[in-house]
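Q: Please take a close look at one part of this protein and explain how its pieces sit together. I am a first-year student, so plain wording would help.

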Amino acid sequence: MNVNSKALSGNTGYEGHFVVVRGFDEDFLYLNDSGREDGENVKVSHSIFKLAWYYPDEKSGNCYAFKKLIV
């Protein structure tokens, strides 16, 4: 998913970045974030994730899906 990495890290401004959502539960999303040294299975609250995903407003979120084709 394309997110604002500055919002994920609690900073102001915008820096586009892709993360992979590995899973979620009632309180958190679990991400793989190649922009961090500890980027495997990073735990992020739903509210922080929404700030990062819906930047600059809630109409701006987007998502990409990929399917592996076996030829």
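**The hairpin and the core**

A: Strand 3 and strand 4 form a hairpin, with 3 residues between them. The model is a predicted one. Strand 3 covers residues 20-24, and its pairing with strand 4 is antiparallel, over 4 bridges. Within this pairing, V21 stands opposite L31 of strand 4.

L31 leads from the hairpin to the interior, since L31 belongs to the largest nonpolar core. That core has 11 residues: M1, V3, A7, L8, V19, L29, L31, V42, V44, F49 and A52. Two or more of these residues come from each of four elements, namely helix 1 (5-8), strand 4 (28-32), strand 5 (42-45) and helix 2 (46-53).

One core member, A52, shows how separate parts of the chain meet. Leaving out residues up to four places away in sequence, A52 touches V3, N4, A7 and L8. Of these, V3, A7 and L8 are also listed in the core.

Helix 1 also holds S5. Is S5 buried or exposed? S5 is buried, because its relative accessible area is 15% and the cut-off for buried is under 20%. Beyond its neighbours within four places in sequence, S5 is in contact with E15 and H17.

Finally, there is a nonpolar patch on the surface. F18, found in strand 2 (residues 16-18), makes this patch together with Y64 and F66. The area of the patch is about 430 Å².

Methods:
Residues are numbered from 1 along each chain as its sequence is written. This is a predicted model: local features need pLDDT of at least 70, side-chain atom pairs count only at pLDDT 80 or more; totals for chains, interfaces and linings use all residues. Side-chain values use heavy atoms; hydrogens and water are left out. A nonpolar core is a set of buried Ala, Val, Leu, Ile, Met, Phe, Trp, Tyr and Cys residues joined through side-chain atoms within 4.5 Å. Buried means under 20% relative accessible area, exposed over 50%, partly exposed in between (1.4 Å probe, protein chains only). Contact means heavy atoms within 4.5 Å. Two strands pair if DSSP finds at least two bridges between them. Patches are made of residues with over 30% relative accessible area and no salt bridge: like charges are joined within 9 Å, nonpolar side chains (Val, Leu, Ile, Met, Phe, Trp, Tyr) within 5 Å. Accessible areas come from the Shrake-Rupley method with a 1.4 Å probe; for residues, only the protein chains shown count as cover. A salt bridge is a side-chain nitrogen of Lys or Arg within 4 Å of a carboxyl oxygen of Asp or Glu.
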